[in-house]
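Please walk me through this model by question and answer. Keep the answers short and end each on the value or name asked for.

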Amino acid sequence: MVIARSRAVLLASAALALICSIAAAAEPVSATTTPPAVAVAEVAPGATHLGSLLQSTASALPPSATDVDRAHAKALEDFYRLRGQPLWIANGMVTEGAKALARELANANAYGLEARAFKIPDVSGPPTTDDATIAAFDVALTRAAMLYAHHARGGRIASPSKLLNSNLDRKPQLLAPDVVLARLADAAEPDAALRGFHPPHPQFEKLRQAYLQALPTLPNTGRSTSLSRSAKKLRANMEMWRWMWDDLGTLHVFNNIPEFMQYVYKDGQIIRSERIVAGFVDKQSSVFSRPLQHVVLRPKWRVPESIMVHELWPSLLRGGGMMRQHGLEIETKSGEARNWRTIDWSKDDIRNYVVTQAPGPRSALGYVKFSFPSQHTIFMHDTPDKWMFKSAQRTLSHGCLRVRNPLELAEIVLAYDKGWDAAKVSQLIKSGPLNNEIAIEKPVPIHLAYFTAWVEDSGRLKVFYDVYGHEKRVIQALDGDWDSINKGRDHLAPVQPNFNPAKVAEGRSEPQRKGRESTVSDLISNAMGGNF
């Protein structure tokens, strides 16, 4: 038994050497490079000879292995332990499925991936009858397919919010490694299974077709500096689809920020399209998806902390004119009312309180609010400032989305969820309870998306300005130019005042201002819908 186990370990080492030679063939290594040390797992007693080699080969990893490598290796080892035989070799021959899979891996560039990332073994003939060679071949091909699936689901940019910008609250829609392996093993056509790992959304395929048209010749082995600017734009938008939920929702609201448009889809068809206003460039609307939880009629506004600190606090230090003009009130965080006029704001901190605006004709939220809570504390709402919807670049808010004709959206949602007609919604808006929070029971996802390229059903390609720079960041990441990415500030960091309260109270200095924030009045006007 000891001799047999030792022989299996030696053969596994030989198999790893073959894998290394395959990788070397795909990407040359200097002759002076020392091969990395590897850990070879002992095979399970009682396993078949080839089955044991498949397990030990699958689990063998260099010290530089990533967390993804380790997860794939563990799933592969478990897979071969249960299977006990190769996936791509039958009767000593490479299967037709293996050949089709290899061709699809080599075609990765046609899907916005890079074929050079996958170490594809030679499938032109049998890999000899040697068990170690067969194990190395089978594991190498399966491992390449697993990595392809990882990339197809967005794994090249593991965490957009950390690697690109904190406002990109998206995650690659990764499949568990064992799910990937099961799909490959069960597929009658493995190449079709591989293609099936890409996003299922029709827009992804439309962008891909436009991407193919932007490639003069398909760069099967070239680097990303071989793509045109337009091709990179399309590839970046394809990548962002890899972060979207597979199921967007039977009824869902799709807000495309660079387009400043909102679309309501039901059963895959657009039933409403309308303009929206998004956040300033320095107070961006975040990119994320959450389920709608409440439609609030005649809503009460809780002022965001950033506005409280940078705009209301300086006003309070000078007498509180903005508080009076906009009908704002203050309460403790436990809900107890306080008189803001009697507080010494040069000594007390506005962050100890909550500032609210009651429903009414001066309400910054208008008549309806759509709540889908997240760490970004933004929502969709009505606005009294209808002039904002006439601008071409509608980056005019503090992050929340202002919606034109929002009552129509409320009617659609409440008809879908409650069966209410438009007359009932209208009555509640006119004379119903104040701050009437109507809980939504059916799933209605709200998507804040960021697509700078869109292909219409007619085939016409529309492109939009990269207003927040997210497209540029994705392009840089896919090009491997990570050091050039400007992540910007962390918008979730605690808000800190940029002025000295005591000095402002004495009138000796002004709060710092920059960019669009030419006056505090401009900021509070835009935030609250007032006209100063």
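**Strands, helices and core**

Q: Which residue of β5 stands opposite V264?
A: This is a predicted model. Strand β4 covers residues 261–266, and β4 runs antiparallel to strand β5 (residues 269–279), with 6 bridges between them. Across from V264 in β5 stands R272.

Q: Which residue takes a positive phi in the hairpin of β4 and β5?
A: The two strands of this hairpin have 2 residues between them. The phi in question is near 55°. The residue is D267.

Q: Which residue has a positive phi in the turn between β3 and β4?
A: Strand β3 (residues 251–256) pairs antiparallel with β4 over 6 bridges. Within that pairing, N255 stands opposite Q262. The hairpin has 4 residues between its strands. The turn residue, with a positive phi of about 55°, is F260.

Q: Is β4 largely enclosed or exposed?
A: Burial here means under 20% relative accessible area. In β4, 5 of the 6 residues are buried. The strand is therefore, with respect to the rest of the structure, largely enclosed.

Q: In what order do the strands of the open sheet with β8 and β10 run?
A: The sheet has 4 strands, and their pairing is antiparallel. Its edge strands are β8 (301–302) and β10 (337–338), each paired on one side only. The order is β8-β11-β9-β10.

Q: Which residue of β11 is the bridge partner of W301?
A: β8 and strand β11 (residues 353–357) are joined antiparallel by 2 bridges. On the β9 side, 5 bridges link β9 and β11, also antiparallel. There, L328 stands opposite Q357. For W301, the bridge partner in β11 is Q357.

Q: Which residue has a positive phi in the hairpin of β9 and β10?
A: β9 and β10 run antiparallel, joined by 2 bridges. One facing pair is E331 and A337. The hairpin has 4 residues between the strands. The residue with a positive phi, near 100°, is G335.

Q: What angle does α11 make with the direction of β11?
A: Helix α11 packs on the sheet. The helix touches β8, β9 (328–332) and β11. Of these, β9 is mostly covered, with 4 of its 5 residues buried. The angle between α11 and β11 is about 85°.

Q: Where in α11 does the kink lie?
A: The helix spans residues 305–317. The bend is about 35° and comes shortly before the proline P314. Just after the helix, G319 takes a positive phi of about 125°. The kink lies at E311.

Q: How many residues of α11 are buried?
A: The buried set includes I307, M308, V309 and W313. E311 and P314 also belong to this set. The helix is largely enclosed by the rest of the structure, because the buried count, out of 13, is 10.

Q: Which helix gives the most residues to the largest nonpolar core?
A: This core has 135 residues, and V295, L312 and W345 touch the most other members. The top contributing helix gives 11 residues and spans 131–152. That helix is α5.

Q: Is H150 buried or exposed?
A: H150 is found in helix α5. Leaving aside neighbours within four places in sequence, H150 contacts V68, H72, G155 and L174. The relative accessible area is 14%, against a cut-off of under 20% for burial. H150 is therefore buried.

Q: How are α10 and α15 oriented to each other?
A: Helix α10 (residues 229–241) and helix α15 (residues 470–478) pack at about 95°, with axes 9 Å apart. Their contact includes R229, A236 and M240 of α10, and V474 and L478 of α15. Angles from 65 to 115 degrees count as roughly perpendicular. The two helices are therefore roughly perpendicular.

Q: What distance separates the C-alpha atoms of Q209 and G459?
A: Q209 lies in helix α9 (residues 202–213). At 36% relative accessibility, Q209 counts as partly exposed. G459 is 250 residues away along the chain. The C-alpha separation is 9.6 Å.

Q: What share of the protein's residues count as buried?
A: The secondary structure comes to 17 helices and 19 strands. The chain total is 532 residues. The buried share is 52%.

Definitions and conventions. Residues are numbered from 1 along each chain as its sequence is written. This is a predicted model: local features need pLDDT of at least 70, side-chain atom pairs count only at pLDDT 80 or more; totals for chains, interfaces and linings use all residues. Side-chain values use heavy atoms; hydrogens and water are left out. The bend at a residue is the angle between axes fitted to the seven residues ending there and the seven starting there. Buried means under 20% relative accessible area, exposed over 50%, partly exposed in between (1.4 Å probe, protein chains only). A nonpolar core is a set of buried Ala, Val, Leu, Ile, Met, Phe, Trp, Tyr and Cys residues joined through side-chain atoms within 4.5 Å. Two strands pair if DSSP finds at least two bridges between them. Axes are lines fitted to C-alpha atoms, for helices over the stretch in contact, and angles run from 0 to 180 degrees between N-to-C directions. Angles under 35 degrees count as roughly parallel, over 145 as roughly antiparallel, 65 to 115 as roughly perpendicular and the rest as oblique. Contact means heavy atoms within 4.5 Å.
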